[in-house]
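Thanks for passing this one along. Here are a few notes to read with the coordinates open.

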Amino acid sequence: MSESTTEIELLRTILGSAGMKPEAFDLSLPYWKLKQYKKGEFYNEYKNVCKHLGFVVSGVFRIYRANTDTGEEKNMLFFTDHQFVASYKSFLAQTACDYYTEAMVDSLILYIHIDHLNELYGQSHQWERFGRIVAETAFHEVMANTEGFLFKTPEDRYREMMEKHPNIFNSVPLYHIASYLGIQGPSLSRIRKRMVGK
């Protein structure tokens, strides 16, 4: 791998803490590429097939869908430092994507092509396990979002978001966060004031 060793060592440490042995991780070294995304640049676009799994070294990405009639955007997921980013449905099924994945700030990722991941799955049970975890994570994210809208208050969803993305308010406009939570801006302001008062 010709890219910076600092980012690769960060990824090695994170996957190692999840149980991946160094020799298994080393199999992937030829495949990772480093890319800088400018704010507003797309990681994956509507109707494109998502062919890469990215690891966010630093930055923020959002997955959103735009209403073709009104142009209104609905945020579905955020990805922040040290999380894996992909349009999961498109990536796992290798079908055209229904969403956009966009950098919210200047961001840096390591990414790997799905063909190389599939090679790794065939070479190593640890990489097979990694692939299973990626799929399980995607399922969990979708279920958690759905259950959140059905059964949780906006305040509960806000609290969970803060646990998962603690620094997001430093880099993402509030209207994007309100969209993700399914509420209007004034409601988000009230929730934030109540949380500060606790």
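1. Let me begin with a tryptophan: W127 has a relative accessible area of 0% and is buried. Please keep in mind throughout that this is a predicted model.

2. Its ring partner is worth a look. The ring centres of W127 and F130 are 5.1 Å apart with the planes at 75°, so the pair is edge-to-face, since an angle over 60 degrees counts as such. F130 is buried as well, at a relative accessible area of 7%. Both residues belong to helix α5 (residues 125-151), where they sit 3 residues apart, about one helical turn. In general, an α-helix has 3.6 residues a turn, so residues three or four places apart point the same way.

3. Both rings also take part in a helix contact. Helix α4 (residues 114-123) packs against α5 with the axes 5 Å apart and an angle of about 130°. The two helices are therefore oblique to each other, and α4 passes α5 in a left-handed crossing. On the α4 side the contact is made by L117, L120, Y121 and Q123; α5 contributes H125, W127, E128, F130 and G131.

4. Turning to the other rings, the aromatic pairs come to 12 in total. One of them is Y64 with Y100, which is stacked, at 5.2 Å centre to centre and 15° between the planes. This pair links distant parts of the chain, with Y64 in strand β4 (residues 61-66) and Y100 in strand β7 (residues 100-103), 36 residues apart. Are the two tyrosines buried or partly exposed? Y64 counts as buried at 5% relative accessibility, while Y100, at 21%, counts as partly exposed. The cut-off for buried is under 20%.

5. The tyrosine pair has further company. F42, Y46, Y64 and Y100 are linked by ring pairs into a cluster. In addition, the charged end of R62 sits over the ring of Y64, 3.7 Å from the ring centre.

6. A second arginine is placed over a ring elsewhere: R192 lies over the face of F169, at 4.2 Å from the ring centre.

7. Lastly, a word on helix α7 (residues 174-181). How many of its residues are buried? The count is 6 of 8, which leaves this helix mostly covered. The buried ones are H176, I177, A178, S179, Y180 and L181. After α7 comes G182, and you may like to check its backbone, as the phi there is positive, near 75°.

Definitions and conventions. Residues are numbered from 1 along each chain as its sequence is written. This is a predicted model: local features need pLDDT of at least 70, side-chain atom pairs count only at pLDDT 80 or more; totals for chains, interfaces and linings use all residues. Side-chain values use heavy atoms; hydrogens and water are left out. Buried means under 20% relative accessible area, exposed over 50%, partly exposed in between (1.4 Å probe, protein chains only). Helices (H or I, at least four residues) and strands (E, at least two) are DSSP runs, numbered from the N terminus. Rings of Phe, Tyr and Trp (its six-membered ring) pair if their centres lie within 6.5 Å; planes under 30 degrees apart count as stacked, over 60 as edge-to-face and the rest as tilted. A charge sits over a ring if NZ of Lys or CZ of Arg is within 6 Å of the ring centre and within 35 degrees of the ring normal. Axes are lines fitted to C-alpha atoms, for helices over the stretch in contact, and angles run from 0 to 180 degrees between N-to-C directions. Angles under 35 degrees count as roughly parallel, over 145 as roughly antiparallel, 65 to 115 as roughly perpendicular and the rest as oblique. A crossing is left-handed if the near helix is turned anticlockwise from the far one by less than a right angle, and right-handed if clockwise. Contact means heavy atoms within 4.5 Å.
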